[in-house]
Amino acid sequence: MQTSQDIEAALTKRAALAGVAVMVLTTVHHAIGAVVYSTPWRLHIALLSVPTIAVILGALAVHRRRAGAPAGRAAFAVLAAALALVPIAWIGAYEGVYNHVLKDALYFLAPGSPAFVRLFPPSVYEVPDSALFEITGVLQVVPAWVAAAALARRLRVDRPRTASPGGAVAAGSPQRMGSSR
């Protein structure tokens, strides 16, 4: 039977690797956009992706080696913050959901609508005319969702166990979630 430490380690690793996948996919996506739209400035994303991947993998390595120590807990805090801010919020939610899922939905479901023009002005946004660019943009949401779900679950598992009056284990505790301690 898996221990809560095993579950925490697996969820941490899943969140970190999904975060790395977001950054790799967004780099590929922006490289495609740079070529398709002759906008080499899109390659700037590598200046964000490479350091973000380094922080995620570095924090994961320190956390795995020193999980119970203060350094391991600090590394997890850095990892969680990096994941939440960059691959989940910035790339997954803003770039993936807003810039691609919402844009594509409005474009195909309400072409030429005032909402589309207001939310996605032509001076800033490309009209969805490259399937490869749009598909890779939408796909950024998938690993971002995996990272967010794993991180959220990891944070729930990490909460200290509490007992309610009468001795029942409180909701959200590892005991309640099927792990043993």
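Student: How many salt bridges does the structure hold?
Tutor: Two, going by this predicted model. E126 forms one with R42, and their closest N and O atoms are 3.2 Å apart. That pair links distant parts of the chain: E126 sits in the loop between α4 and α5, R42 in the loop between α1 and α2, and they are 84 residues apart.

Student: Are E126 and R42 buried or exposed?
Tutor: R42 is buried, because its relative accessible area is 9%. E126 counts as partly exposed, because its relative accessibility is 25%.

Student: And which side chains meet in the other bridge?
Tutor: Those of E134 and K103, at 3.0 Å from N to O. E134 lies in helix α5 and K103 in helix α3, so the pair ties together parts that are 31 residues apart in sequence. Both ends are tucked away: E134 is buried with a relative accessible area of 6%, and K103 is buried with 2%.

Student: Why can side chains like that pair at all?
Tutor: Side chains of opposite charge can pair when their charged atoms come close.

Student: OK, zooming out. How many helices and strands are in the chain?
Tutor: Six helices and zero strands. Reading from the N terminus, the order is α-α-α-α-α-α.

Student: How much of the chain is buried?
Tutor: Of its 181 residues, 40% count as buried. The accessible surface comes to about 9700 Å², and 70% of that belongs to carbon and sulfur atoms.

Student: And what share of the contacts is between residues 24 or more positions apart?
Tutor: It's 67%, out of the contacts in the chain with a separation of 6 or more.

Student: Back to the helices. How far does α1 reach?
Tutor: Helix α1 covers residues 4-36, which is 33 residues, and spans 47 Å from its first C-alpha to its last. That is close to the 48 Å expected at 1.5 Å a residue.

Student: How far apart are the ends of α3?
Tutor: Helix α3 runs over residues 70-109, so 40 residues, but its end C-alpha atoms are only 51 Å apart. A straight helix would reach 58 Å. There is also a kink of about 40 degrees in α3, centred on V97.

Student: What follows α1?
Tutor: S38, in the loop between α1 and α2. Its phi is near 50 degrees, a positive value in a residue other than glycine.

Student: What sign does phi have in most residues other than glycine?
Tutor: Negative.

Student: Is S38 buried or exposed?
Tutor: Exposed, because its relative accessible area is 62%.

Student: There's another serine, S130. Where is its place?
Tutor: S130 is in the loop between α4 and α5. With 10% relative accessibility, S130 counts as buried. Setting aside residues up to four places away in sequence, S130 touches V36 and Y37.

Student: How far is S130 from I32?
Tutor: They are 98 residues apart in sequence, yet 9.5 Å apart in space, C-alpha to C-alpha.

Student: New topic: which residues form the nonpolar patch on the surface?
Tutor: I135, L139, V142 and V146, with about 320 Å² of accessible area together. The elements that give two or more residues to the patch are α5 (131-139) and α6 (141-158). V142, for one, is in helix α6.

Student: Why do residues three or four places apart in an α-helix point the same way?
Tutor: An α-helix has 3.6 residues a turn, so residues with that spacing end up pointing the same way.

Definitions and conventions. Residues are numbered from 1 along each chain as its sequence is written. This is a predicted model: local features need pLDDT of at least 70, side-chain atom pairs count only at pLDDT 80 or more; totals for chains, interfaces and linings use all residues. Side-chain values use heavy atoms; hydrogens and water are left out. Patches are made of residues with over 30% relative accessible area and no salt bridge: like charges are joined within 9 Å, nonpolar side chains (Val, Leu, Ile, Met, Phe, Trp, Tyr) within 5 Å. Accessible areas come from the Shrake-Rupley method with a 1.4 Å probe; for residues, only the protein chains shown count as cover. A salt bridge is a side-chain nitrogen of Lys or Arg within 4 Å of a carboxyl oxygen of Asp or Glu. Helices (H or I, at least four residues) and strands (E, at least two) are DSSP runs, numbered from the N terminus. Buried means under 20% relative accessible area, exposed over 50%, partly exposed in between (1.4 Å probe, protein chains only). Contact means heavy atoms within 4.5 Å. The expected span of a helix is 1.5 Å times one less than its number of residues. The bend at a residue is the angle between axes fitted to the seven residues ending there and the seven starting there.
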